[in-house]
Structures are given as C-alpha cells and as structure tokens.
Amino acid sequence: MPPLVTLENLSLRFRGPPLLDGIFSRIEPGQRIGLLGRNGAGKSSLLRLLAGELEADAGQVMLAPGTRVARLPQEVPAGLQGTVRQIVAAGLPPHPPDPETAWLQEHRVAQILSRMELDGQLPFPQLSSGMKRRVLLARTLAGEPDLLLLDEPTNHLDIAAIDWLEQFLSSWPAALIFVTHDRRFLRRLAQRIWELDRGQLYDWSCDYTTFLQRKEAVLAAEEKQQALFDKRLAEEEVWIRQGVKARRTRNEGRVRALQELRRQRQQRQERWGNVRLQLQQEQRSGQLVIQAREIGFSFGNQCLFQNFSTTVLRGDKIGIIGPNGVGKTTLLRVLLGELAPQHGRVRWGTNLEIAYFDQLRAQLDEQQTVQENVGEGSDSVRVGGRTRHVLGYLQDFLFTPERARTPVRFLSGGERNRVLLARLFARPANIVVLDEPTNDLDTETLELLEEVLVEFPGTVLLVSHDREFLNQVVTSSIVFEPEGLKEYVGGYDDWVRQRAATAASSAPTSAPSAAKSPARPGQQTARLSYREQQELASLPEQIEALEARIAEFHEAMSQAEFYKRPGEQIAADAAVLSDLETRRDAAFARWEELEAREG
C-alpha cells in the first residue's frame, strides 16, 4: 500500500535557526503518531504544513490521491457564532446543493453529534472551553479525514473529557498525528513517536515509554561524541596558533581540515538548555496555613460546595480535582481569602506570602514585552538572595535577549506559560498556588516543575487536569464529587482507587475513611461541652499569637548582634523560645483533639 503522506526534503525557517532543516518521512494509513519537541521547535508549523495551511521554504508534502486532511488548532478561534449543529456542519466537504445528497449530510451531522454526545441546539458562544474544543473536534471529523491533526487536544478539557477523548481516538480508524503535553495521553495512544529537535525530525517508530528509554541512551552517546569533537578542534586550534611552525610545514590539507571543523562547530545547533527553575521561599509560614470550617458558596441557584471543612498545614501539597465549571477556582479564592464564604468561616495562619499562577494568564500585559512583564518596571530581579539583570534571569527560562524584548502578544501558549513561571519564581513565597499550570508546557519543563514543587518546603495548592502531574506532586486531593467535596490522601490514581473501593463496599461506613479530614470521624467520642467549644474557638488565635512570637525570636536570632550579648541572656532567650514552641505544640495537639471530637 502506498504511503498516505510523504515529506520530501522539507525546510522551513522564520527567524533564527531553521525549524525544519531538510526533513524526510512517511505516514502510513491508520498510524497514530505522537509529535514531540520543545516549545517553539516547530510542531504546530509542521502540522500546518501537513494541512496545506503553510508553504515550506523548500521541499514538499506529497499526499496520496484523494487524501483528506483536517487539523484541530490549539486555540479556539475567536468570534465563532451559531449553534453547535451549524458549527459542526461547517466541517462537511463543500458540495453543490443537491436535494438527493442533502439528507446524507444532515444524517452525517446528526451521527457525529450523537457519537460525541453534543446537543446541536446549544449556542456555541455560551459553551465552556472544554465543550467548545469538543465541538471543534466534531467539525474536524465531519469531513471524514484520512489524516487527523490534533494540536494540544487536551487543553482546557477536564479529566472526564480527556478519558472520553482517549477512548474515542483509540478506535479512530484513520491516521492521526497529535501534539500533547499530557504524558498519560501519549502513553495510551501513540504507536509511533516523531520528535522535532534542532530542525531535524527523528522517527523513533515505537511507543512513548520505549522512546524515553532510547532517547536517554542517544543523548548520552551524543554528549560523548560532541566532547570528542570539541577536544579534536581544540587540539587543531593550538596547532594553527603556533604560527611559524604551521606555515613552515605547509600542511595545507590540515589547515583546510581545521576550517571544516570550525564550520561544523559553527553550524552545530547545541541542544537547548533546560529551563532552570528555583522557587524562593519567603520566611516560613506558621504550622497552620488555612483552616476552613463548614464553608459553602453558591452562584444564584447553583451550589458549588457546602459544609466543607479542611485544614492545610505547612508543607501540604494539595490537588483540586473536578469537571470544568464545577467551582475549583472559586474554592481556591475562598481558601485564599479573595472571596468570603457565604457559609462557614476560614482562618489563616501567620506570615503567609502567596505566589499565584493564573490559568487565564490575566497577570500578563500583552502590549508589554517579556522583559517588562517580568521586571515590572525594573531592569533587575532579586533571586536566591542576589540581584540579577532581568535579561540574564530570563535566559534561565529559555528566552534569548531578543525574544525577551518581544511583546507578549506574539508569544506561543507555551512561551506565555514560561513568562508566568518566570514572574512566579521571581517572588519570594511560602504558598504557591497554580491554576492549570501544565497547559502548553513541553514535557521536560513539566518534569522540572514537578521536581521543584516536590522539593519546595512551603505549601502548594494545585488545580490541574494533568493526571500524571497530580500523581507526581500532590500529597492529598480535594475532589468535586456528585455527593459534594471530599478529601483523599494521595494523587489522582490514589483517588480513583479509593473511590472505587468505596463504591464497591456494601457498607461504606465499615471501611476506614481515606480522606485527610480534621474531623477524624473514626475517632469521635462525646460531643464537646460548652467550655470545650469556647476553648476550641480560641485555640487558632492562641496558636497564631504563639507563632508570631516564635517568628520574632527566630528573626532576632538570625542577626549577628544577637550573639554579641552575654551568654546568660542568650541562654535565657533560648529557654523562652523553647517554652513557646512547647506551648505551641501542645495547643496544636489540643486543637486537633477537640476538632476530632466535635466531628
């Protein structure tokens, strides 16, 4: 069978190094190909070339006769109007009006709407971002393409929608090429891996897990080979600088060889460095970060959550999971004090410094440059206790000085997320809040972000639909379930397992609770007396006061002048600090005990 698509010596360059530098490859019918590469490597451009929306500088894309190609772009186009049925019907192949074929097209639209669980009468502009993506996918499929191109298809989808899309595409009979940051999505769907790296297209012809193993071995071999090349070049440079001796030998062949080595070294595109991420922790927060008691919030007649209690302690890393539109961001804002709960109360600990990553990137001024957005009016930022020029700092996030002077409106989605990370990490904080941070980030940056968050000694609140990211980072999960908000120990897979175990149990009350709840229902004894209720109400303030005094001592002891005083004064202050810490720990234990009994 002839190939569906042939790439013949394909080249493309905009500015800087070529995105595609004479690539060759073939696509066979029915293949599912995962396309990988760093942000800005040219993945979306390659998809546009395959779709015929972009013209190459050289080479060609050759399609087998009659091949139909359709592409789902990364972003939802602005200004689309009409019903869901009208949007989907716009993807049908153009035909002259013919009463005999019109019903076939109507049947095709109805079939797609049913298969993709869409209501054709709904107005498209009123849909959520996730549902808009599903409608646009339906429009893409309406023409029954032989090659389907998907650019970040999981962006803005919740976990249920991603699971549905995985199942749908698993049975898709035609060829598929997709770009995604979702590593679990890659593992489940990709039968073949393409990787764009420094202008070259590498065809790994294996699944994603095997690719990771092979790639590690190739990078190690490449690093060794380049080290040998550089050593030989250095030796030849020493020889040519001997001057008179080199001219006396008149070894013109060796001189030409050196010139060729120099040319190769100049043309060699170094592997892009990794983003260097380092969270700066402000002074430690108190042990108690957030205490929520019986909180509730509604929009109109829609109750987002009610009667929810939780305790966030220093060092907790909490994931918030739920469908789109269910109220995850609202819960975050209530916990952080940006919104007042309509029911219940929220208390906050001491010394809280919050850094917020916004999924809508609303913190960025699109008219300003990257440098202006991160520097915020200054040419320098203070990172890790030292002052750095903002352009040098931005190179840690893979922005060249030229790119750092580019207005944000010209950046890709992945680049915008890197700008937000640069802003986030330039600010000291002991609470990091991330609302959908993984969209558009390349895999290597995602893994580095995971590592930084895991090692961060402060508190992390994370909203994400990226199942693998949740598994790697969070220690507990707050989940929007049909029965209400519930809290579970562990990440996404832990929640699925515990949820399944609870559903399978004929007597749910007999199973131990998996949730990390301050109420600890399994430990309930008698209800609290009036005096104990008053004591419980006063304990958070007592703990905060003790934490504040402890922080004052720690601040004083961090100064060199403290240790210039007489030894007996230093010992006395140390004894006071020890007593404060003992009282704080006792108050905290008593607070937990009373809360557990209050139930």
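## A guided tour of the predicted model

Begin by selecting helix 18, residues 530–557. At 1.5 Å a residue, its 28 residues should span 40 Å, and the C-alpha atoms at its ends are 41 Å apart, which agrees. The expected span is 1.5 Å times one less than the number of residues. Helices (H or I, at least four residues) and strands (E, at least two) are DSSP runs, numbered from the N terminus.

This is a predicted model, in which local features need pLDDT of at least 70 and side-chain atom pairs count only at pLDDT 80 or more, while totals for chains, interfaces and linings use all residues. Residues are numbered from 1 along each chain as its sequence is written, and side-chain values use heavy atoms, with hydrogens and water left out.

**Helix 18**

Select S538, where helix 18 bends by about 35°. The bend is the angle between axes fitted to the seven residues ending at a residue and the seven starting there. A proline, P540, follows S538 within four residues. Next, colour the buried residues of helix 18, among them E532, L536, L539, P540, I543 and L546. Buried means under 20% relative accessible area, exposed over 50%, and partly exposed in between (1.4 Å probe, protein chains only). An α-helix has 3.6 residues a turn, so residues three or four places apart point the same way.

**The two cavities**

Keep L536 and P540 selected and add Q291, R345, R347, A537 and W591; these residues line the second largest cavity. A cavity is a set of points, on a 1 Å grid over the protein atoms alone, where a 1.4 Å probe fits but cannot get out; lining residues have an atom within 4 Å of a point. The volume of this second largest cavity is about 30 Å³. Grid points are joined across faces, edges and corners, and a volume is the space filled by probe spheres set on the points. Helix 18 gives the most to this lining, with three residues, and strand 13 (343–348) supplies at least two.

Now select T154, H181, E436, N439 and H465. Of the 13 residues that line the largest cavity, these lie nearest its centre. The largest cavity has a volume of about 80 Å³, and its lining has two nonpolar, eight polar and three charged residues. Here Ala, Val, Leu, Ile, Met, Phe, Trp, Tyr, Cys and Pro count as nonpolar, Asp, Glu, Lys and Arg as charged, and the others, Gly among them, as polar.

**Helices 15 and 16**

Helix 15 (residues 443–455) has 13 residues and reaches 19 Å from its first C-alpha to its last, close to the 18 Å expected. E450 is one of its buried residues. Select Q472 in helix 16 (residues 467–473): its C-alpha atom and that of E450 are separated by 6.7 Å, although the two residues are 22 apart along the chain. At 44% relative accessibility, Q472 counts as partly exposed.

**A strand and two unusual residues**

Go to I354 in strand 14 (residues 354–357). The C-alpha atoms of I354 and I431 are separated by 4.8 Å, with their positions 77 residues apart along the chain.

Finally, select S205 in the loop between strand 9 (200–203) and helix 7 (208–240). S205 has a positive phi of about 50° although it is not a glycine, and at 51% relative accessibility S205 counts as exposed. N307, found in strand 11 (residues 302–313), also has a positive phi of about 50° without being a glycine. With a relative accessible area of 55%, N307 is exposed.

Methods:
1 Å grid on protein atoms, 1.4 Å probe; cavity = no way out; pocket = protein on both sides within 12 Å on 5 of 7 lines; lining within 4 Å.
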